[in-house]
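User: I'm new to this structure and I'd like a close look at one part of it. Could you pick a single strand, walk me through it, and then show me how the rest fits around it?

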Amino acid sequence: MYTHEDLAKLQAQSLKMQGWIRRQTFSPANEKTLRRFSSWEVSELIFRINQSTFRGKLAAEPNLPLGEVEEDGRQRWFSLDEINELRRRIRISRKSLMPWRPEGKRAFRAAVANFKGGAGKSTVALHFAHAAALDGYRVLLVDFDPQATLSHSMGLTDVGEDHTVWGIMARDLERETDRMNAAARGAESGTTLPQRKLPASIRDMGLGSLRPADFIKPTAWSTIDIIPSCANAAFVEFASAQYRHLNPEWTFFGAVSRFLDSLADDAYDLILFDCPPAIGYQSMNAVFAADMLYIPSGPGYWEYDSTTSFIGQLSEALEDLSHGFENFPTGKIKLPKAFADIRFLMTRYEPSNELHQAMYAAFQQVFGPHMAEHPIELTRAVEQSGRFLSSIYEIDYREMTRGTWRRARATFDQAYEEFKSHVVAAWDKLEDQV
């Protein structure tokens, strides 16, 4: 017979191995670092200009960042900060290299969500974030998944549950309860509405006084921040049920939306959510705060079946919320919840596999214009990036054949460019709905 003590021992053994894996994956200091990018990558893959044009710009303007030259002396290698400085200062045919962003609009929010574990949610969120950063955008990642794969992939390994989405929700409960208690109570007759009380166990955590910045952590990518997750945050579903009992009028599903509303509109360009494989308090917070739903699915029948169940249950949950909270104090998101776009993305796709081809055709037939045209192909380099908690953009192409690396990068580049096109199409319309 086994008890919780045996489970604790197994976890201790696993944590030892986890530390070893991190040492193999990250730097000797147990911190993830971002590699430099070659002049070939910067010119052709990031700026998308001819190498000779890029070299000519560097030669003509000696005050531009020149990167570092390695021992072989054949190429210059640039940091992300140097790339962004070049992007700001270089013009090609009098055109800026800065990415498009609608003036005066807040950051666009996209949730990567599905029921099925292993559908590639964290992989998609990670690669889209890295691709967007290389595209010149400032990105905030929000990890809603207690498995914390995205947080670990971004180098966050020592996270307390107070500084996760759970902490944001507990902070919101305290602040919303105080707001309700401070509002005008009763009518001229003198009737007084009851005060909503929170136990000391919640007040004493001190989360109500935390600033938004206290939840946001930097990463090895200078233009990507993250609100991380951790395994201990798994109890948020239980805690949130208790919190709703303490204050039934608390609109729990708006907690993260209210938090993001408090950030400056120009603090970030893109906010990406990595959702857990379930519909619960955390995932509903992500969905409610999102402008766009991106739903990845593998090419198998059971994954198709799971995706169908997911959108059905999500529809029912959103309908319940829309009818149950007519007086919800909305900020930049309104009820009934509406999305600027909904997209389905096939992952782990093998073009030569007849079953995959058939399933992709079935997805297209069912979801029509909502189906992404560019699936993410399964390649050896993609598998390797997953094993080492890295995106294909973080892997040095010299660690494998350039053709293998380029094929893997191309599949994510195409998926990102399609994702970006949908974001751009919807972004400028956001505030018209508020």
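Analyst: Let's start with strand S11, which spans residues 292–297 and is mostly covered: six of its six residues are buried. Keep in mind that this is a predicted model, so everything below describes a prediction.

Look at how the side chains of S11 are arranged. Met 292, Tyr 294 and Pro 296 point one way, while Leu 293, Ile 295 and Ser 297 point the other way. That fits a general pattern: in a regular strand, side chains alternate between the two faces of the sheet. Here the residues on both sides of S11 are buried.

Now for the neighbours of S11. Strand S6, residues 108–112, pairs with S11 in the parallel sense, over three bridges. To find that pairing on screen, go to Val 112, which stands opposite Tyr 294 of S11. There is also strand S12, residues 341–346, which runs parallel to S11 and is joined to it by six bridges. A handy landmark there is Leu 293, whose bridge partner in S12 is Ile 342.

Stay with S12 for a moment, as its residue range, 341–346, takes in a charged pair. Arg 343 and Asp 341 form a salt bridge, with their closest N and O atoms 3.1 Å apart. Both of these residues are buried. As a general point, side chains of opposite charge can pair when their charged atoms come close.

Once you've seen one such pair, it's worth looking for others: the count for this model comes to 25 salt bridges. One of them links Glu 41 and Arg 35 through their side chains, at 2.7 Å from N to O. Glu 41 is buried, with a relative accessible area of 0%, and Arg 35 is buried too, at 13%.

Another salt bridge runs between Glu 174 and Arg 203, whose closest N and O atoms are 3.6 Å apart. Glu 174 sits in helix H7 (residues 165–182) and Arg 203 in helix H8 (residues 200–203), so this pair ties together parts that are 29 residues apart in sequence. Glu 174 is buried, at a relative accessible area of 11%, whereas Arg 203 is partly exposed, at 29%. Salt bridges can also share partners, and in that way Asp 172, Glu 176, Arg 179 and Arg 258 are joined into one network.

What about a buried charged residue that has no salt bridge? Arg 87, in helix H4 (residues 80–89), is just that: the nearest side chain of opposite charge, Asp 135, is 4.6 Å away. A salt bridge needs the nitrogen within 4 Å of the carboxyl oxygen, so that pair does not make the cut. The side chain of Arg 87 does reach the backbone oxygen of Leu 97, at 3.3 Å. Leaving aside residues up to four places away in sequence, Arg 87 touches several others, including Ile 46, Phe 47, Met 98, Pro 99 and Leu 134.

Right beside it in the sequence is Leu 86, also found in helix H4. Leu 86 is buried, with a relative accessible area of 0%. With residues up to four places away again left out, Leu 86 touches Phe 47, Phe 54, Leu 58, Leu 64, Pro 65 and Phe 78. If you want a distance to check, Leu 86 and Leu 66 are 20 residues apart in sequence and 9.3 Å apart in space, C-alpha to C-alpha.

One of those contacts of Leu 86, Phe 78, takes us back to strands, since strand S3 covers residues 76–78. S3 belongs to an open sheet of three strands, in the order S1-S3-S2, with antiparallel pairing. The edge strands are S1 (37–38) and S2 (68–69), each pairing on one side only. Two bridges join S2 to S3, and the bridge partner of Val 69 in S3 is Arg 76.

Finally, zoom out to the whole chain. The protein chain has 15 helices and twelve strands, and 52% of its 434 residues count as buried. Among contacts between residues at least 6 apart in sequence, 79% join residues at least 24 apart. The chain exposes about 20800 Å², and carbon and sulfur atoms supply 51% of that. Against that background, S11 is a strand with six of its six residues buried, joined to S12 by six bridges and to S6 by three.

Conventions
Residues numbered from 1 in each chain as written. Predicted model: local features only at pLDDT ≥ 70, side-chain atom pairs only at ≥ 80, totals over all residues. Heavy atoms only, no water. Buried < 20%, exposed > 50% of the residue type's maximum accessible area, 1.4 Å probe, protein only. Helix = DSSP H or I, 4+ residues; strand = E, 2+ residues; numbered from the N terminus. Contact = heavy atoms within 4.5 Å. Areas by Shrake-Rupley, 256 points an atom, 1.4 Å probe, with all protein chains shown as cover. Lys, Arg positive; Asp, Glu negative; His and termini not counted. Polar contact = N/O pair within 3.5 Å; in protein donor to acceptor, adjacent residues only side chain to side chain. Pairing = 2+ DSSP bridges.
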